[in-house]
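Visitor: Could you walk me through this model, one question at a time?

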Amino acid sequence: MAQALRAAGASRVEIHDEYWIRAAKKELDYLFRFDSDRLMVEFRQQAGLDTKGVKNYGGWERGYSAETNPDGTDQPPRFTGHFVGHYLSAISHALQASFASEQERRKLATIQRVLVENLRQTQEAYAQKDPANAGFLPAFRVDALPGGKDGLIVPFYNLHKLLQGLIDAAGSAPYGSVRLSALAAAGDFADFVIRWHKAHPGIDMLAIEYGGMNEALYRLYALTGKPTHLEAAQLFDELPLFEVLAAGEDCLPGLHANATIPKLIGAVTRYQVLGCRAEDDLYLRAARNFWELVADRHTYANGSNSQAEHFHQPGALWEDATTNGNADGGYNDNSTCETCNAHNMLKLTRLLLELTGEAKYSNYYQQTFTNAILASQDPESGMTTYFQPMQAGYPKVFGVPFGEFWCCQGTGIENFTQLGDSAYLLRNHAVVVNQFVSSTVEDYIHGLLIRQEAHLPQESVVHFTIDALDFSKTSQCADFAAATKRSEPVLLRLPIPDWVESNDIALEIDGSQVKPSNVMADGWLTFPIMPGMRLQLTLPARLRFIEAPDNPNWIAFAYGPVLLAGVLGPTDATSNYSYGGILVRVGKFNAQAAQRAQICLPQGLSREHWLEHIESHIQPVEPPTQSISFAFTLDRGPVNSTSESGRISEPLLLLPYYQLHRSLYALYFDLDDGRGGEAIYAKCEQDSHMRIIDSLTPDQGNNIERSKKLKASANSRSLVAGGRTFRDADTGGWFSYELAVDKRSDKNYIALLTDCPLEEFDSSEPADSGAFAVFVDPCPDLCDHSSQMLAGNEAEYSRQAVRIAAFRLDSAWNSSDIDRNQQDSAPSWHYIGIPASLVNQAPKPRIRVTLSSVSAPIPHIYGLRVAADF
């Protein structure tokens, strides 16, 4: 393997691109709006310290008590501490960035110092209160580890963000005392992890999402060299997963995407930190194979991935994005492309680029950063998306500054405070350009100052100037001494974008044309540079299309590296969302707008001909405003309507997706060539005659299920089969959720998605062997969930619950065989009518639905819905 690269870092890169700078400034303004006392409320509460009479910030940062929660709730579902960790990381990133003024840096340094001191103070106070758990970072009670308790979700995930924040502070703080405090706090926490693990040897710490604990602890070990910190990191290495991936197997279907990506970041970090040892090659192979699987089989045109936070069947992008329903709320077609996934895929991509130098990683990085990360921020508010729907007819929905604090708001503030940190990579004899963006890098290794002027794709020429770095204006004495001793030529490596035709590339050095093929190899243009040189690289952009692997008539368009979005109409940011998951805002679907994303080819014109002559159908036009870089119009062909046959559709405006924020949009378009394409768009919806009122997909006790107030017996589980997550329960077990109903409808239904053939019998009959039952409680607030088990008799559950259905199971079905062939038993929906009397009895438009085993296991349930008649 070639000598490893290392990122130049944000402190040595000055960004000149106006769009990037505005985005960073928005994030900086947001960071200055926080009060450190409110951020520390829950830590002080658990440490026995004075909370100073203030409440926490709410949302995912809520705590146990109504006294400290601004919404007055007790034990709400939450991820306490995660945003505090992201906030500390963002402050640390901003301290090193070029876009902060000296006055802003002083303010950032003060915020960082106060936050680190407070975290250390609460950690030490907690150690006095609970010596057995000294070192714990008390965002919540230690008894929540590892699976969560009293509403607290994924404890190690939350603690990872805090640990990473401390490590980032230790590497960036301008005050030596802050660096030492942050490192001491992180080190004590690592020691706590080892002690906790030894005290609980029978508990699997890896069974519940734990973020990037292995990555952060390996980073800590790199700073301290302490064997205990290495030991702590290795506790979070999920070796069985790594072995499967290293062997080239595709085990992604059904996995929670943002729980999985950080595990592989940790794997490759281990390989890097431990010196790229041959004995650790498995970790690198696992990460590389994982990246290939995600990039090749699960990635949409914007570079991101997943639906409802999960990977599904490889290549099933159209199916995942368009066939899960479009009812308001819940996770359905509204929930593709989680922003956290793009953030973490870029972290993994940069690590792999540093270690391998392969150009494919640079290509992915540039395009995903533009089309998923830049696209995730609202330029007016600075807030971030959770999901970016790939189905046409949705808006982008952004968070709010206070009161919610999703995971993607945490990664969002990091995305825009570390702009430029990956723009350039360095090694002993080379400078690698990873992003074409107007910027300057101070290359202390080679003593060079490199300035880049880039405005791709609207301007095809990228300019570089190479000058000697003036070390007299820096304090980098060691770098100066090393640079002056170098005699080897310095090589500049420029990535060859996969969106440009190689024959169109032109390179000019100091006014002389250089044949690109002479310096082209392995996806890079590589040639020696020296001070005084002037370069021009021409990369002409073309229109191109990107088709879905499972539907070639579902197509996205791009101009060079920039994805284009069709403007389908305006949207009202105050009402264009519902909630899915825990306080997660998801977009509302507009069916009328979605119809404008259909391209109807004139009779006799083939799909292949239309795409071959794409420039004839997509024409450049003047941008509608100065804030938009460029624009096109799309000729959508004749109207596909009997009443309007022969009329030509109005052209559709196409804008850079990353610059479109206040509109309903289309990224993918349905191409109708009249050759039977209608069949592929038939959604096979069994409930086409119904409205979906509420829905959920089991997600291993994470965001979706917790938002529906999951309750379950100890022998209920949520696992993966056939690329789908499910929940079931062994004999005697049960699980339940709170779901919305429509009290105005004449009829409501519960629908179960299962692959087990069900035979329903009269619910008035006694439940016989091999049966499970469905209960409805119209008064979920009155339910007593203190008992561990739920019997088949509704009277033992609550006085309000009524059994509405009971089922016999097919004798051939085996609940323990989660790897059985799914092709012979594809999941299907089974509808159960809810008695109107129960719906009318509900004080609020919601019920608790319980599935209870009587004398047989509950089969795999892949989804639940409440539907109502139109």
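What follows is a short conversation about a helix, a sheet, a tyrosine and a pocket.

Guide: Welcome! This is a predicted model, in which local features need pLDDT of at least 70, side-chain atom pairs count only at pLDDT 80 or more, and totals for chains, interfaces and linings use all residues. Residues are numbered from 1 along each chain as its sequence is written, and side-chain values use heavy atoms, with hydrogens and water left out.

Visitor: How far does helix 7 reach from its first C-alpha to its last?

Guide: Helices (H or I, at least four residues) and strands (E, at least two) are DSSP runs, numbered from the N terminus. Helix 7 covers residues 176-199, 24 residues in total. The expected span, 1.5 Å times one less than the number of residues, is 34 Å here, and the helix comes close to that with 35 Å.

Visitor: Which helices are among those covering the buried residues of helix 7?

Guide: Buried means under 20% relative accessible area (1.4 Å probe, protein chains only). The buried residues of helix 7 include Phe189, Phe192 and Trp196. Their cover includes helix 5 (102-129), helix 6 (155-172), helix 8 (213-224) and helix 9 (227-234).

Visitor: In the open sheet, which strands are the edge strands?

Guide: Two strands pair if DSSP finds at least two bridges between them. Six strands form this sheet with mixed pairing, in the order 1-4-5-9-13-12. Those that pair on one side only are strand 1 and strand 12 (520-521).

Visitor: What is the bridge partner of Val432 in strand 9?

Guide: Strand 5 (residues 430-433) runs antiparallel to strand 4 (residues 424-427), and there Leu425 is bridged to Val432. With strand 9 (residues 490-495), strand 5 pairs in the parallel sense over three bridges. In strand 9, Val432 has as its partner Arg493.

Visitor: Is Tyr361 buried or exposed?

Guide: Tyr361 sits in helix 15. Leaving aside neighbours within four places in sequence, Tyr361 has contacts (heavy atoms within 4.5 Å) with Arg288, Trp291, Thr349, Leu352, Leu353 and Thr356. Its relative accessible area is 0%, so Tyr361 is buried.

Visitor: How many charged residues are in the lining of the second largest pocket?

Guide: About 1,400 Å³ of space lies in this pocket, and His93, Asp168, Arg350, Gln418 and Asp421 are the closest to its centre among the 41 lining residues. By class, the lining has 15 nonpolar and 15 polar residues, and the number of charged ones is eleven.

Note on methods: Buried < 20%, exposed > 50% of the residue type's maximum accessible area, 1.4 Å probe, protein only. 1 Å grid on protein atoms, 1.4 Å probe; cavity = no way out; pocket = protein on both sides within 12 Å on 5 of 7 lines; lining within 4 Å. Points joined across faces, edges and corners; volume = space filled by probe spheres on them. Nonpolar A, V, L, I, M, F, W, Y, C, P; charged D, E, K, R; others polar.
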